[in-house]
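Visitor: I am new to this structure and should be grateful for a close look at a single part of it. Please take me through that part step by step, and then show how it relates to its surroundings.

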Amino acid sequence: MAWAMQGMASNQFFSSKYSGYVCETANGYPFTLGEAALDTPRGWAFGGSVWIGYTFAFLVPYIIVFGLVTWLALKYIRIEPDRQHVKKEVNIGAKKEKTEEINVPFVPVDLSFDKLTYEVTASTSKEQLRLLNEVSGVFKAGRMCALMGSSGAGKTTLMDVIAMRKTSGSITGKIELN
């Protein structure tokens, strides 16, 4: 990796951006600003563009080898935690134990609600807020029904009132089965 680092630094500092600044050493040898940046703090001698070739000669096999190692590890090594709720052994072809079936008769039911009103007390004052205002409807047995409306229209509130899940506030109206 040090070769790759030196190659990338050589590519940067030997570019034309740094070639316009030429200095001289005490013995009169000229060098560019890029050469000085590579040599002084890092100790990389004047290697020049040779290190750029070393970069590609090192990084291309490095990427290929470690890419293959990663691919093989992900393909063949699976680390799965033990799951408490999953059976350890599953016999797909084994005979199943006979279980006793309980037949409960299914009775289709129509659900209707008429003039449902739901009022709650506001949290900031004693004012009564009416969340549902005389809502009526029918859910027929065996039919799919879509309850649609914009956000905040009261769809969940209506379903909670029909299911009698609301414990606060006052509910008036009729909810009937069949």
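Guide: Leucine 129 belongs to strand β4, in a model that is predicted. With a relative accessible area of 37%, leucine 129 is partly exposed, because that value falls between the 20% limit for buried residues and the 50% limit for exposed ones. Its C-alpha atom is separated by 5.4 Å from that of glutamate 119, although the two residues are ten places apart along the chain. Beyond its neighbours within four places in sequence, leucine 129 is in contact with Tyr118, Glu119, Val120 and Ala122.

Glutamate 119 also takes part in a salt bridge. Its side chain meets that of arginine 130, with an N to O distance of 2.8 Å. Since arginine 130 lies in strand β4 and glutamate 119 in strand β3, the pair ties together parts that are eleven residues apart in sequence. Arginine 130 is itself partly exposed, as its relative accessible area is 45%. Side chains of opposite charge can pair in this way when their charged atoms come close.

A further link involves threonine 117, a residue of strand β3. Its side chain reaches the backbone nitrogen of glutamate 134 at 3.4 Å, and glutamate 134 is found in strand β4. Glutamate 134 has a positive phi of about 50° although it is not a glycine. Threonine 117 has a relative accessible area of 8% and is therefore buried. Not counting residues up to four places away in sequence, threonine 117 touches Arg130, Leu132, Asn133, Glu134, Ser170, Ile171 and Thr172.

The next part to consider is helix α4, which spans residues 155–162 and in which Thr157, Leu158, Asp160, Val161 and Ile162 are buried. These buried residues pack against β3 (111–121), β4 (128–139) and β5 (170–177). Threonine 157, a member of helix α4, offers an example. Its relative accessibility is 18%, so it counts as buried, the limit being under 20%. Leaving aside neighbours within four places in sequence, threonine 157 is in contact with Tyr118, Leu131, Leu132 and Lys166. Tyr118 is thus among the contacts of threonine 157 and also among those of leucine 129.

Aspartate 160 is another of the buried residues of helix α4, with a relative accessible area of 15%. It forms a salt bridge with arginine 165, in which the closest N and O atoms are 3.4 Å apart. Arginine 165 counts as exposed, because its relative accessibility is 61%. The side chain of aspartate 160 also meets that of lysine 166 in a salt bridge, at 3.8 Å from N to O. Lysine 166 is partly exposed, with a relative accessible area of 28%. Asp160, Arg165 and Lys166 are accordingly linked in a network of salt bridges. A search of the whole structure finds three salt bridges.

Methionine 164 follows helix α4 and lies in the loop between α4 and β5. Its phi is near 60°, a positive value in a residue other than glycine. With a relative accessible area of 62%, methionine 164 is exposed.

It remains to place these details within the chain. There are four helices and five strands in the chain, which follows the pattern α-β-β-α-α-β-β-α-β along the sequence. Of the 178 residues in the chain, 18% are buried. Among contacts between residues at least 6 apart in sequence, 55% join residues at least 24 apart. The chain exposes about 15100 Å², of which carbon and sulfur atoms supply 58%.

Elsewhere on the surface there is a nonpolar patch formed by Phe56, Val60, Ile64, Leu68, Trp71, Leu72, Tyr76, Ile77 and Ile79, with about 1000 Å² of accessible area together. One of these residues, tyrosine 76, is found in helix α3 (residues 50–76), and at 59% relative accessibility it counts as exposed.

Finally, a word on confidence. The chain averages a pLDDT of 80, and 71% of the residues score at least 70. Among the elements of the chain, β3 has the highest mean pLDDT, 94, whereas helix α2 (residues 33–39) has the lowest, 67. Where pLDDT is low, the predicted coordinates should not be read in detail.

Key
Residues numbered from 1 in each chain as written. Heavy atoms only, no water. Buried < 20%, exposed > 50% of the residue type's maximum accessible area, 1.4 Å probe, protein only. Helix = DSSP H or I, 4+ residues; strand = E, 2+ residues; numbered from the N terminus. Contact = heavy atoms within 4.5 Å. pLDDT = per-residue confidence, 0-100. Areas by Shrake-Rupley, 256 points an atom, 1.4 Å probe, with all protein chains shown as cover. Patch = residues over 30% accessible without salt bridge, like charges linked within 9 Å, V, L, I, M, F, W, Y side chains within 5 Å. Salt bridge = Lys/Arg side-chain N within 4 Å of Asp/Glu carboxyl O. Polar contact = N/O pair within 3.5 Å; in protein donor to acceptor, adjacent residues only side chain to side chain.
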